[in-house]
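Notebook open, coffee poured. Here is what I looked up, one entry at a time.

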Amino acid sequence: STVVALVGDSHASMLFPAVEAVAKARGWKLYTFVKVSCPFTRRPVYDYALGRTYTECASFVGNVITKLKSLKPDLVITTAARWMRSGAGESQDPGVQGQGIGSALAEVPGKKAVLVDAPYFWVDVPGCLAAHRSDVRACSLPRYRTVAGGSPGREKAAAKRAGATLIDLTDSYCNS
């Protein structure tokens, strides 16, 4: 009887296997609404591949909000790529971007969770691990080299605006 929705860009879709496993284990119904380069925000975003403001993203987010209002999920989960870029002429400030995510979340029913984006490691982690099987410590990086971009300040602003729970798993990835 529990309905969960996972919404956002490709970084949200990256969470699908973990969220799906929990949903299956607990008997939850899981809906997924994800679109590449389209964070769940009410602010215009820029798409690097298109080289322009991603107007299709705004339409997608509006349609998802309409669908979520009818689904009435118990929980909505989102995250966004750490390098989110606002549309042309828009503020690139992470706090302002977070307000846009929070605004979209505030429009939908149910509890909300905002996850801080996973750290970016600046190296080919699978390749490094394959090359250093006998001593994987060669692939470790100091925490300051793994975190960049608007995250987690953006996610903190989003969670605050939407009254959502902020989940930061950075310590699970980076322990030093």
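**Surface patch.** I started on the outside: W83, Y120, W122, V123, V125, L129 and V136 make a nonpolar surface patch of about 610 Å². A patch takes residues with over 30% relative accessible area and no salt bridge, and joins nonpolar side chains within 5 Å; a salt bridge is a side-chain nitrogen of Lys or Arg within 4 Å of a carboxyl oxygen of Asp or Glu. Areas come from the Shrake-Rupley method with a 1.4 Å probe.

**Small print.** I noted that this is a predicted model, where local features need pLDDT of at least 70 and side-chain atom pairs count only at pLDDT 80 or more, while totals for chains, interfaces and linings use all residues. Residues are numbered from 1 along each chain as its sequence is written, and side-chain values use heavy atoms, with hydrogens and water left out.

**W83.** I found W83 in the loop between β5 and α4. Its relative accessibility is 37%, so W83 counts as partly exposed (buried is under 20%, exposed over 50%, partly exposed in between).

**T78.** Next I checked T78, which sits in strand β5, residues 75–79 (strands are DSSP E runs of at least two residues, helices H or I runs of at least four). T78 is buried, at 2% relative accessible area. I saw its side chain reach the backbone oxygen of V7 at 2.8 Å.

**Helix α3.** How far apart are the end C-alpha atoms of α3? They are 25 Å apart, which agrees with the 24 Å expected for 17 residues (1.5 Å times one less than the number of residues). Among the buried residues of α3 I listed C57, V61 and L68.

Key
Buried means under 20% relative accessible area, exposed over 50%, partly exposed in between (1.4 Å probe, protein chains only). A polar contact is a pair of N or O atoms within 3.5 Å; within protein, one must be able to donate a hydrogen and the other to accept it, and residues adjacent in sequence count only if both atoms are side-chain atoms. Patches are made of residues with over 30% relative accessible area and no salt bridge: like charges are joined within 9 Å, nonpolar side chains (Val, Leu, Ile, Met, Phe, Trp, Tyr) within 5 Å.
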